Amino acid sequence: MHTETIDHGNAEKPPHLRFQFSDSARQFHAAKFGMWLFLGQEVMFFSALLCAYAYYRNQFPVAWSMASHHLNTTFGLLETINLLFSSFTVALAIHFVRLGKRTITSVLLFVTLACGILFLVMHSYEYYTEYHEGLLPGRFFHPEAGWHMPMESAMFMSCYFFTTVLHSIHVLIGVGVLGVIMVFNMKGKYSPAYYTHVEIGGLYWHLVDLIWIFLFPLYYLVA
Amino acid sequence: MSLAVVEQAPGHHEGAEEPDYIRGKSGVMSWVLTLDHKRIALLYLATVTLTFFLGGVFALALRTELLVPENGIMDAMTYNRMFTLHGVTMVFFFMIPAIPGVFGNFFLPIMIGAHDVAFPRLNLASYYLFLAAVCLGVWGMIHGGTDTGWTFYTPYSTTTTTTVLPILAAAFVNGFSSILTGVNFIVTIHTLRADGVHWMRLPLFIWALYGTSVIQVLATPVVGITLALCAVEHFLGTGIFDPARGGDPILFQHLFWFYSHPAVYIMVLPAFGVASEVVGAFTRKPLVGYRMIALSTFGIAFVGFLAWGHHLFTSGQSAVDAGVFGFLSMLIGIFTSIKVFNWVASMYKASIVMTTPFMYALGFFFLTVFGGMTGVALATISLDVHWQDTYFVVAHFHFIMAGAVVLMFLAALHYWFPKMFGKLYAEGPAMVGAVLVILGFIGTFTPQFFLGNEGMPRRYYSYPAHFQWLHVASTIFAYILFLGLLLTLVNLIVALVSGEKAPNNPWGAPQYEWDIPSPPTEHNFPATPVINRDPYEYRGEGIIENAH
Ligand code: HEM
Ligand SMILES: [Cu+2]
C-alpha cells in the first residue's frame, strides 16, 4: 500500500457526506443497498410463516377454507386498495423530493402515512369482530356452535393472527418512519442533492405493501 | 515492491500527529457512545470474554457432575438447566458474535482501506442489541434458567415450566444484532473498498466475513420467527407446533435447522478466515490457492442452506429426503477440504515462523479435519441412526465448532493483539497456554467419540459405571483446557498493563493492516489509501521496523 493518496480535502464537502464515504453518490448507493439487504431479510422472515401456511393448508384443506370464509373479504379488499394507493403516493413523494418540491412531498408523505393509519384502524376492527365471533387462535378458539367448524380451523386462525399482526407491526413501524421523514422534510433537510431517507423509507413501505398483496389472497380468498 | 508506507496526503497538515484511537478521546461516554469501529470491537471483546467465561463455568459444572456415574454435585433437573445454559451461552452469546464482532469490526475497514464501516451508528446499535440479548439471557438464567437444550425442541419447549421465554427472547434479539452486522459488513465491502482493492485482492478474512454475512442476513430471520412462534405458543397456546391441536413439532425442527445448520457456518467461516490470515502471515510465502479458498467460502455458504435435513434423519423423514440431505451434507466436506488442502499446500516447503497464533492454527487444522470427517460419517444415514443423540454427535460438533471457533478466536487475539493494543505479549506463557488449550480440547472430546459409539446418550446426568473412566479422562482434560485459558488470560492482561510497545509490524507479515501504526489512529489512515499489491505478496524484508 503506498504513495498516491486521494485528497478529498480540496472539493467542497456537502454537509450530509459522512467521513467514511468519498462522495455522495456512493453514500446514497450504500444506503439503498443496505435497505435492499434488509428487505431480503424481511422476505425470509415472512417466508418461514408462508411455509407453515402452505404445510397446514395442505394438511387441512377443508378446515382452512371454512375458516377463511369467516374473514371479512370486503374489508380485506379495501385495505388492499388502500395500501396500493399509499404505495403510489410514496412513489410520487420520492419523485417530487427529487424535483425539490418540498410542500408537495410533505403532503404526499402525509397521505401515505394516513393510509397506513387507516389500514391499522380497519384491521383492528376486523380483529375486534373476530374476537366477538370467538375466532381466536389456539386455545381461545370458540366459534359459535352453529358454524360447525372443525378444530383445525383454529390452526388457520393461529397462522392468520400471527402473520397479520406481524405485518401490522411492520405497518406501524413504517408509519413512524414516514412520520419522522415528513417532519425532516418540512424542516428542509432534503433537497434534490440529498433525499436518501425518503428513498429508503419508500422502499420499506413498498415491501410492507407487497407482503400484504401476498397475504390478502392467501388468507381471504382461499375458499 | 516498495516498502509499505502510507504517505501523508499532499495537503495534510504535517507534524500534527493524530493520536491513536485509544488515547484520542477519554471518558466513559467516549466509549459507550463511540461510533469508531475499533472501539466497538473492544466493547464486543469485553462482552464476549465474559460470556465465554460464563459458558465455561457451566461446562465445568457439567464435567464435574459426570465424574461419577450417579448423582454427584447436582440433580437431574439442575444438570438439564446447566447444559441448556452452556449451549445457549456458547452458541448465541459467544460463537456467533465473537470473531465478526471483535475482529471483523476492527479489521474489516482497515483491510479494505476504509475509514470505518458504512453505517457506524447501526454498528453501535448491533452491539447494544447483542448486549441487551446477553442481559435478557442472564436475567432468565438468574430466574431459574431453562431445560430445553439450546435447540428448544417443541412440544417440550412450549410446555416446560422453566423460564424459557426470556431466553427465547434473548436468542431472538441476538438474531437481529447478527442480521444488522451482516447488512453493515456486506455494504461496507461493496462500497468502501479503497482504490486498488478489487475483488480478487480482498484479504481472505474479508471473503470469510462476506460469506458469513450473507448467511446471517438470509438465515437468521427464519430462526427469529421460529423462536417467536415458539414463544407465542408457550404463552397463548396457539398450537402451531402442538400435535394435540393438529400442529406438527417436526415443522419446528425443519425451521430451526434451516437456520441452525447454516448458523454453524456463521460460526466457523470467520474462523476459516482467521486461519487464512495466520497461514498467510507466518509461512513467508504467498498463500496457495487464493481463489479457491475465496470461492469455496461461497460453496459452503450455498450448500449450507441445503443440508439442514441431516438433523432430522431419525425424526421421520422420507428415505429419499434423507438420502438427498445426506449427499448434500457431504458436499460441504468437499468445499471444506479445498480450504484445508490449500492451507497445507501453503505450509509445504515454507519457512514457517512458529508463533502462538500459528500453534493455534495447527491445533485448529487437526480439530477441523477430524471434526469434518466425523461430520461426513454422521451424514451417512445408516451410521447416523446409531450415533444420533449420543456423545458421538457431541464430540463431532465440539471438535469442529468449539475447536475451530475458540482456537481461531484465540489465534486472532494473539495475532492481532499488537495491532489492536500497541503492546507485545510474552511469547513463552502464550505458547504454553496454547499447547494446554489444544491438548485440553483434544483430550476432552476424544473420549466422547468412544463413549458415543458405545451408546452413551447425550444430555444425561448419569451413566452405567463401565463408562466412568472415559468420562473421568474427559473431565481431567477439561480442567487442563480451563487452566490453559486462565494462563492465556493472565498473560494477555499482563501484556496490556506492562507489555513492551509494539512496532507496526512485529510479525513481518505481508497483509495491509500491518502497515499502519499500532494501535491505529482514529480514522485508520490519514487519507484514503491506494492499495497496489495483493494481500499475501510476501515481500521478504523480514521484520519491517516501524515502516511509518
Ligand atoms: C463436513 C461438514 C459437516 C458435516 C457433513 C456435518 C454433519 C453433521 C450431521 C449429520 C449432524 C447430525 C448428527 C446427529 O444429530 O445425529 C451434525 C450435527 C452437528 N454439527 Fe455437523 N457437520 C459438518 C460440519 C459442522 C460444522 C462446521 C459445525 C460447526 C461449526 C457443525 C456443528 C454441528 C452441531 C452443533 C451439531 C449438533 C446439533 C445438535 O443436535 O445439538 N458441523 N453434523
Ligand atoms: Cu448441520
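# Helix contacts and a two-metal site

Me: Which residues of α1(A) meet α8(B)?

Reply: In this predicted model, the α8(B) side of the contact consists of V217(B), L218(B), P221(B), V222(B), I225(B) and L229(B). Facing them from α1(A) are L37(A), Q41(A), M44(A), F45(A), A48(A) and L49(A).

Me: How many nonpolar residues does the contact of α1(A) with α8(B) have?

Reply: Let's sort the contact of α1(A) with α8(B) by class: it has no charged residues and one polar residue. The nonpolar residues in this contact number 11.

Me: Are α1(A) and α8(B) oblique or parallel to each other?

Reply: Helix α1 of chain A spans residues 24-59 and helix α8 of chain B spans residues 204-236; their axes come within 8 Å and cross at roughly 40 degrees. An angle under 35 degrees would count as roughly parallel, and 65 to 115 as roughly perpendicular. The angle between α1(A) and α8(B) fits neither range, so the two helices are oblique.

Me: Is the crossing of α1(A) and α8(B) left-handed or right-handed?

Reply: These are the two helices whose axes cross at roughly 40 degrees. The crossing of α1(A) and α8(B) is right-handed.

Me: How are α1(A) and α9(B) oriented to each other, roughly parallel or roughly antiparallel?

Reply: Helix α9 of chain B covers residues 249-282, and its axis lies 11 Å from that of α1(A), at an angle of about 155 degrees. Angles over 145 degrees count as roughly antiparallel. That is why α1(A) and α9(B) are roughly antiparallel.

Me: Which residues of α9(B) make the contact?

Reply: α1(A) passes α9(B) in a right-handed crossing. From α1(A), the contact uses M44(A), A48(A), C51(A), A52(A), Y55(A) and Y56(A). By class, the contact of α1(A) with α9(B) has nine nonpolar, no polar and no charged residues. On the α9(B) side, the contact is made by L251(B), L255(B) and F258(B).

Me: How many polar residues are in the contact of α3(B) with α14(B)?

Reply: Helix α3 (residues 76-95) and helix α14 (residues 391-421) of chain B have axes that come within 12 Å and cross at roughly 40 degrees. α3(B) brings Y79(B), H86(B), V91(B), F94(B) and M95(B), while α14(B) brings Y391(B), H398(B), M401(B), A402(B), V405(B), V406(B) and F409(B). The contact of α3(B) with α14(B) has 10 nonpolar residues, no charged ones, and a polar count of two.

Me: Which protein residue is a donor of the iron atom of ligand 1?

Reply: The iron atom of ligand 1 has a single protein donor, an NE2 atom at 2.2 Å. The residue that supplies it is found in helix α14 of chain B. That residue is H396(B).

Me: What separation lies between the iron atom of ligand 1 and the copper ion (ligand 2)?

Reply: The protein donors of the copper ion (ligand 2) are H261(B) through ND1, and H310(B) and H311(B) through NE2, lying 1.9 to 2.0 Å from the ion. Along the chain, the copper donors follow the spacing H-x48-H-H. The iron atom of ligand 1 and the copper ion (ligand 2) are separated by 4.5 Å.

Me: Is H311(B) buried or partly exposed?

Reply: H311(B) is one of the protein donors of the copper ion (ligand 2). H261(B) in helix α9 of chain B and H311(B) in the loop between α10 (290-304) and α11 (319-347) link parts of the chain 50 residues apart. H261(B), at 5% relative accessibility, counts as buried. Buried means under 20%, and H311(B) has 22%, so H311(B) is partly exposed.

Me: What relative accessibility does Y259(B) have?

Reply: Y259(B) lies in helix α9 of chain B. Leaving aside neighbours within four places in sequence, Y259(B) is in contact with I96(B), A219(B), T220(B), V223(B) and I266(B). Y259(B) counts as buried, because its relative accessibility is 3%.

Me: Which residues does T368(B) touch?

Reply: T368(B) is found in helix α12 (residues 356-378) of chain B. At 4% relative accessibility, T368(B) counts as buried. Not counting residues up to four places away in sequence, T368(B) touches F272(B), T336(B), I400(B) and A404(B).

Terms used
Residues are numbered from 1 along each chain as its sequence is written. Chains are lettered from A and ligands numbered from 1 in the order in which they are written. This is a predicted model: local features need pLDDT of at least 70, side-chain atom pairs count only at pLDDT 80 or more; totals for chains, interfaces and linings use all residues. Side-chain values use heavy atoms; hydrogens and water are left out. Axes are lines fitted to C-alpha atoms, for helices over the stretch in contact, and angles run from 0 to 180 degrees between N-to-C directions. Helices (H or I, at least four residues) and strands (E, at least two) are DSSP runs, numbered from the N terminus. Contact means heavy atoms within 4.5 Å. Ala, Val, Leu, Ile, Met, Phe, Trp, Tyr, Cys and Pro count as nonpolar, Asp, Glu, Lys and Arg as charged, and the others, Gly among them, as polar. Donors are N, O and S atoms within 2.8 Å of the metal (3.2 Å for Na, K and Ca); water is not among the atoms, so sites may look incomplete. A crossing is left-handed if the near helix is turned anticlockwise from the far one by less than a right angle, and right-handed if clockwise. Buried means under 20% relative accessible area, exposed over 50%, partly exposed in between (1.4 Å probe, protein chains only).
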